[in-house]
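Please look through this model before reading on. A few short notes for a newcomer come after it.

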Amino acid sequence: MSLQALTSVLWRERQLLELLLFKLEEEQLLLTSGRTRWLSHATREVENVLEQIREVELGRSVESDAVARTLGLEAGRSLSELADKAPEPWDDLLRAHRQAFIEITHQIDSLAAGNRELLLTSHRATQEALANLQQDSSTYDSSGSTAPREVAARLLDQSF
């Protein structure tokens with residue numbers, strides 16, 4: 001249990017966060033290109049990376065607590081607090097890790113929000129398309145009352 005062990009775990013966590021960012025971007029490319037056939041594979045890969053991150057976070061917590069005790073701090077201290085007490089060059093290295101985590105977390109949040117919005121939009125469009133296929137769906141006429149829609153030939157995009 002040392003600063004060396006902690007920074008090794010932090011590097012591993014950063015690599016996994018970079019991989020998660022890549023997988024989310026890959027997922028977004030599939031969504032925007034309409035190649036939803038591969039979406040389940042992409043989602044599974046994201047879930048696999050998230051599981052690896054959870055395991056590494058547990059290891060980081062153990063290493064952080066050990067380093068905190070070594071530095072005379074209580075367990076559960078933040079990376080910033082550890083950096084403030086760590087000797088050189090570890091203090092700068094811990095701060096660099098912290099800054100990298102902040103930046104990549106913002107990127108991941110942004111990509112994940114964009115992917116959620118794309119999925120919601122796609123879901124709504126699919127629901128509307130399916131509703132239009134139902135023969136008993138009604139529309140409003142010029143008087144404001146519902147009128148049954150005439151059933152006619154329909155063109156269906158097979159990507160749905």
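The points below go from the whole chain to single residues.

1. Status. This is a predicted model. Every value here is computed from it, so read each one as a property of the prediction.

2. Overall make-up. The protein chain holds four helices and two strands. Read from the N terminus, the order is α-α-α-α-β-β. The helices thus come ahead of the strands.

3. Burial and surface. The chain has 160 residues, and 28% of them are buried. About 10,900 Å² is exposed. Carbon and sulfur atoms supply 52% of that area.

4. Contacts along the chain. Take the contacts with a separation of 6 or more. Of these, 57% link residues that sit 24 or more positions apart.

5. The H1 and H2 pair. How do the axes of these two helices cross? Helix H1 covers residues 3-33, and helix H2 covers residues 39-70. Their axes come within 9 Å and cross at roughly 160 degrees. An angle over 145 degrees counts as roughly antiparallel, and H1 and H2 are therefore roughly antiparallel to each other. Their crossing is left-handed. The contact of H1 with H2 has 20 nonpolar residues, along with four polar and nine charged ones.

6. Lysine 23. This residue belongs to helix H1. Is lysine 23 buried or exposed? Its relative accessibility is 13%. Buried means under 20%, so lysine 23 counts as buried. Set aside the neighbours within four places in sequence, and lysine 23 is in contact with Glu45, Val46 and Val49.

7. Glutamate 45. Here the view is from the other helix: glutamate 45 lies in H2. Its relative accessibility is 32%, so glutamate 45 counts as partly exposed. Which residues does glutamate 45 touch, leaving aside its neighbours within four places in sequence? They are Lys23 and Glu26. The link between Lys23 and Glu45 thus appears from this side too.

8. A second distance from glutamate 45. Glutamate 27 is 18 residues away from glutamate 45 in sequence. In space, the two are 9.5 Å apart, C-alpha to C-alpha.

9. A cis peptide bond. Where is it? The bond joins glutamate 88 and proline 89. Omega there is about -5 degrees. Proline 89 lies in the loop between helix H3 (79-85) and helix H4 (90-133). Check this spot when you look at the stretch that leads from H3 to H4.

Conventions. Residues are numbered from 1 along each chain as its sequence is written. This is a predicted model: local features need pLDDT of at least 70, side-chain atom pairs count only at pLDDT 80 or more; totals for chains, interfaces and linings use all residues. Side-chain values use heavy atoms; hydrogens and water are left out. Axes are lines fitted to C-alpha atoms, for helices over the stretch in contact, and angles run from 0 to 180 degrees between N-to-C directions. Angles under 35 degrees count as roughly parallel, over 145 as roughly antiparallel, 65 to 115 as roughly perpendicular and the rest as oblique. A crossing is left-handed if the near helix is turned anticlockwise from the far one by less than a right angle, and right-handed if clockwise. Ala, Val, Leu, Ile, Met, Phe, Trp, Tyr, Cys and Pro count as nonpolar, Asp, Glu, Lys and Arg as charged, and the others, Gly among them, as polar. Buried means under 20% relative accessible area, exposed over 50%, partly exposed in between (1.4 Å probe, protein chains only). Contact means heavy atoms within 4.5 Å. Accessible areas come from the Shrake-Rupley method with a 1.4 Å probe; for residues, only the protein chains shown count as cover.
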